[in-house]
Every structure is written in structure tokens, then in C-alpha cells.
Amino acid sequence: MADRTPIIAPSILASDFSRLGEEVARISEAGGDWIHCDVMDGHFVDNISFGSAFVEAATRHTDKHIDVHLMISRPDHYLDRYTPLADSVSVHVEADHDVAQTLSRIRAAGCLAGLAISPPTPLEKVEPFIGQFDILLVMTVNPGFGGQPFIPETIEKVQAAAEWRAKGLADFHIEVDGGINTATAKIAREAGADIFVAGTAVFKASDAAAEIEALRG
Ligand SMILES: O=C(CO)[C@@H](O)[C@H](O)COP(=O)(O)O
Ligand SMILES: [Fe+2]
């Protein structure tokens with residue numbers, strides 16, 4: 001079985017964009033394992049964040065794993081702008097694309113392939129793609145904004161996905177994203193999650209290193 005040591009992925013959506021480089025360096029030095037980059041197009045979600053030029057700028061201030069979360073309607077169309085910058089790329093099962101083909105292209109580009117699922121979407125929607133993704137990204141808030149409260153019902157999906165994994169159907173990480181703090185990380189970890197995205201909790205903490213350690217549990 002693969003290593004399930006908790007991975008903490010601070011989301012730069014919660015950083016001070018006017019000091020992006022310093023913020024990325026600060027959070028890397030504080031012990032963040034992966035740098036989570038939330039790309040939003042104002043169409044798939046009701047918010048616009050940043051695009052590939054911004055992600056590229058962030059990469060110049062860290063040697064950590066770059067984890068791109070595409071909340072965009074046509075991930076297949078924009079994919080080639082992100083795979084050269086990233087170590088993992090997650091696309092939404094709800095977006096308008098050939099999911100199997102997009103996942104296959106992400107892997108072919110040398111990245112871990114992530115499949116993301118929003119809170120209202122039943123887990124059955126990702127079932128046909130088991131074995132084709134390396135990360136199941138379970139959204140624990142509705143995508144689009146940082147700083148929202150964790151939706152407890154989403155944990156049932158983490159538990160069910162962990163059962164798939166335990167049955168040996170496939171080996172994949174379970175990443176939780178949205179409203180993650182030390183309390184909700186514990187709930188998610190006990191349900192089977194091993195990657196913890198935290199924007200507000202880490203970037204707004206007075207001691208980011210202590211917060212990252214606390215999130216590991
Ligand atoms: O993908 C998203 C939001 O759509 C997340 O990655 C958020 O950026 C997490 O922020 P917090 O809830 O931790 O503040
Ligand atoms: Fe995200």
C-alpha cells in the first residue's frame with residue numbers, strides 16, 4: 001500500500017497576492033508540502049482567481065510540489081498551459097470534457113492526475129474512472145471561494161472512497177479541500193483523507209509552521 005503520510009497543501013488563494021513570491025517562500029519554509037493553486041474561470045465557478053502566468057510566477061519561489069486545481073469549464077482546452085508547471089493537476093468531473101481523456105493526458109504529461117468532485121455531486125459519478133486518477137479531490141465546500149465553512153456531509157464520500165481503496169479497487173490519494181482546520185482535518189483524516197488543502201488556516205495563522213504541524217495531526 002502506498003505511503004499515507006499526511007500531505008499539507010496550503011492554498012495560495014488565501015495569500016497576499018501583492019507579495020506572492022514572499023508568501024509562497026514563507027509557506028514553503030514553514031513546512032507546506034504541496035503548494036495548492038486554485039484556478040477559477042468565472043464560469044465553472046462564480047469567481048475569477050488567476051491563470052497560468054500567476055501559477056508560473058508562484059513556481060519561481062518554491063521547489064515544492066505544485067498542485068493545480070482547475071475550476072474551469074473546459075479543462076481540456078487549457079490543460080497544456082498547466083501541466084508543464086505542475087506536479088499534479090485536478091479537473092472536475094462536473095466540467096465539460098471527456099474526463100477519461102483529460103486524466104490520461106495529465107498522466108502522459110508526467111503529472112499526477114486528480115479528479116475533483118463538488119459537494120452536490122454523488123460519488124458514483126467518479127466511479128467509472130477508478131484506476132484512471134491518482135488523486136480523488138473531495139471538495140468539502142462548494143468550489144469558488146476560500147474561507148467557507150466545512151460541509152460535514154461530504155465526509156461520507158471520503159469514507160466511501162477509502163472503502164474502494166481498502167477493497168483494492170485502486171490506489172489513490174484522497175485530498176480534502178475547503179474549510180480545513182485542525183478540527184476538520186482530524187475528521188477527514190479519520191475518514192481516510194491523506195492530503196489536506198488549507199488556505200485560510202495556514203496563511204492567516206500567526207505561526208504558519210505550527211499550524212501546518214497541527215494539521216498533520
Ligand atoms: O478550491 C478551493 C475553493 O474553491 C479551495 O482550495 C480554497 O482555496 C480553500 O480555502 P480555505 O477554505 O482553506 O480558506
Ligand atoms: Fe482548491
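The legends below describe an overall view and several close-up views of a predicted model.

**Figure 1. Overall view of the chain in the predicted model.** The secondary structure of the chain comes to eight helices and eight strands, and the C-alpha trace spans about 40 × 35 × 30 Å along its principal axes. A compact globule of 217 residues would have a radius of gyration near 17 Å, and the chain agrees with this because its own value is 16 Å. Of the 217 residues in the chain, 45% are buried. Among the contacts between residues at least 6 apart in sequence, 63% join residues that are at least 24 apart. As for the confidence of the prediction, the chain averages a pLDDT of 98, and 100% of the residues score at least 70; the predictor also gives the complex an ipTM of 0.99 and a pTM of 0.98.

**Figure 2. Close-up of helices α3 and α4.** Helix α3 covers residues 75-82 and helix α4 covers residues 99-108, and their axes come within 10 Å of each other, crossing at roughly 5 degrees. Angles under 35 degrees count as roughly parallel, and α3 and α4 are therefore described as roughly parallel to each other. On the α3 side the contact is made by P75, D76 and L79, while on the α4 side T102, R105 and I106 take part. Sorted by class, the residues in this contact are three nonpolar, one polar and two charged.

**Figure 3. Close-up of helices α5 and α6.** The axes of α5 and of helix α6, which runs over residues 182-191, come within 8 Å and cross at roughly 30 degrees. This pair of helices, α5 and α6, is therefore also roughly parallel. The residues of α5 that make the contact are I155, V158, Q159 and A162, and they meet I187, A188 and A191 of α6. By class, the contact of α5 with α6 has six nonpolar residues and one polar residue, with no charged residues.

**Figure 4. Close-up of E153 in a loop.** The loop that holds E153 lies between strand β6 (135-139) and helix α5 (155-166). Is E153 buried or exposed? E153 counts as exposed because it has 8 C-beta neighbours inside 10 Å, and a residue with 12 or fewer is placed in that class. From C-alpha to C-alpha, E153 and I12 are 26 Å apart in space, and they are separated by 141 residues in sequence.

**Figure 5. Close-up of K64 in a loop.** K64 is found in the loop between helix α2 (52-59) and strand β3 (65-71). With 19 C-beta neighbours inside 10 Å, K64 counts as partly exposed, since a residue would need 20 or more to be called buried. Which residues does K64 touch, not counting residues up to four places away in sequence? These residues are S28, G32, D33, W34 and I35. G32 is 32 residues away from K64 in sequence, and the distance between them, C-alpha to C-alpha, is 8.0 Å.

**Figure 6. Close-up of L215 in helix α8.** L215 has its place in helix α8, which covers residues 208-216. Because 26 C-beta neighbours lie inside 10 Å, L215 counts as buried. Leaving aside its neighbours within four places in sequence, L215 is in contact with I8, T182, A185, F196, A198 and A201. The C-alpha atoms of L215 and I180 are separated by 8.6 Å, although these two residues are 35 residues apart along the chain.

**Figure 7. Close-up of I212 in helix α8.** The place of I212 is in helix α8, and L215 belongs to helix α8 as well. I212 has 22 C-beta neighbours inside 10 Å, which means that I212 counts as buried. Not counting residues up to four places away in sequence, I212 touches I8, A30, G31, G32 and V202. One of these, I8, is also in contact with L215, while G32 is also touched by K64. The C-alpha atoms of I212 and A201 are separated by 8.8 Å, and the two residues are 11 residues apart along the chain.

Key: Residues are numbered from 1 along each chain as its sequence is written. Chains are lettered from A and ligands numbered from 1 in the order in which they are written. This is a predicted model: local features need pLDDT of at least 70, side-chain atom pairs count only at pLDDT 80 or more; totals for chains, interfaces and linings use all residues. pLDDT is the predictor's confidence in each residue, from 0 to 100. Helices (H or I, at least four residues) and strands (E, at least two) are DSSP runs, numbered from the N terminus. Axes are lines fitted to C-alpha atoms, for helices over the stretch in contact, and angles run from 0 to 180 degrees between N-to-C directions. Angles under 35 degrees count as roughly parallel, over 145 as roughly antiparallel, 65 to 115 as roughly perpendicular and the rest as oblique. Two residues are in contact if their C-beta atoms, placed from the backbone, lie within 7 Å. Ala, Val, Leu, Ile, Met, Phe, Trp, Tyr, Cys and Pro count as nonpolar, Asp, Glu, Lys and Arg as charged, and the others, Gly among them, as polar. The radius of gyration is taken over C-alpha atoms; the globule rule is 2.2 Å times the number of residues to the power 0.38.
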